[in-house]
Amino acid sequence: MMMLKALRHRPIRRLWFGQALSSIGDEIYRVALVWIAVGSIGADASYLTPAQSLALILMSVIGGKWAEHWDPLRTMIRVDLARAIIVLIPVFYSFYAPVPLSILTAVAVVIAGLGAFFDPALQTVLPKFSPSREILWATNGLMMTTIRLARMVGPSLIGFLA
């Protein structure tokens, strides 16, 4: 019930709502990326996951260091806007030609790498929005629960729409 108490605070509620929409969008993107990749290149689509993981690991070393010097809220907004634009690249490309592996890999790597900036910024902003330690704990739990729920809601939405 502490998570509901955290949602009574307007900044946390707004952040949570944005994070919920963003997380659902992330999951829809992941399913769409796999569909496009398997349709375009077949079994070689499995190379996208290690490429994303490698990008996240490499950028995490740099991203956390840079992100701590930037305004966390603006960093989160800019990263999410950049990710929203970048995920549209294969969509628009697919209107004119089959999407090649190079485009899919580049998009997947950049999106994963941007997460290295977003996640530290999110962790930095949570204490600023939480009026007490208990609310901060509840807010952390709320954010993690949201990500897990998005893993169910995003693919379910795709299944419903398909």
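**Notebook: the core and helix 4**

I started with the largest nonpolar core: it has 23 residues, and Leu15, Met76 and Leu122 touch the most other members. For a nonpolar core I take buried Ala, Val, Leu, Ile, Met, Phe, Trp, Tyr and Cys residues joined through side-chain atoms within 4.5 Å. Buried is under 20% relative accessible area, exposed over 50%, partly exposed in between (1.4 Å probe, protein chains only).

Two notes to self on the source: this is a predicted model, where local features need pLDDT of at least 70 and side-chain atom pairs count only at pLDDT 80 or more, while totals for chains, interfaces and linings use all residues. Residues are numbered from 1 along each chain as its sequence is written, and side-chain values use heavy atoms, with hydrogens and water left out.

Next I looked up who feeds this core. Two or more residues each come from helix 2 (10–41), helix 4 (72–86), helix 6 (101–129) and helix 7 (133–161); helices are DSSP runs (H or I, at least four residues), numbered from the N terminus. Helix 6 gives the largest share, 11 residues.

Then I checked Leu15. Beyond neighbours within four places in sequence, Leu15 is in contact (heavy atoms within 4.5 Å) with Met76, Leu122, Val125, Leu126, Phe129 and Met143.

On to helix 4. Here I found Pro72, Thr75, Met76, Val79, Arg83 and Ile86 buried. They fall within an arc of 105° seen down the axis (directions from the helix axis to the C-beta atoms), so they line one face of the helix. These buried residues pack against helix 2, helix 5 (88–94) and helix 6. On the face turned away I noted exposed Arg74, Arg78, Leu81 and Ile85.
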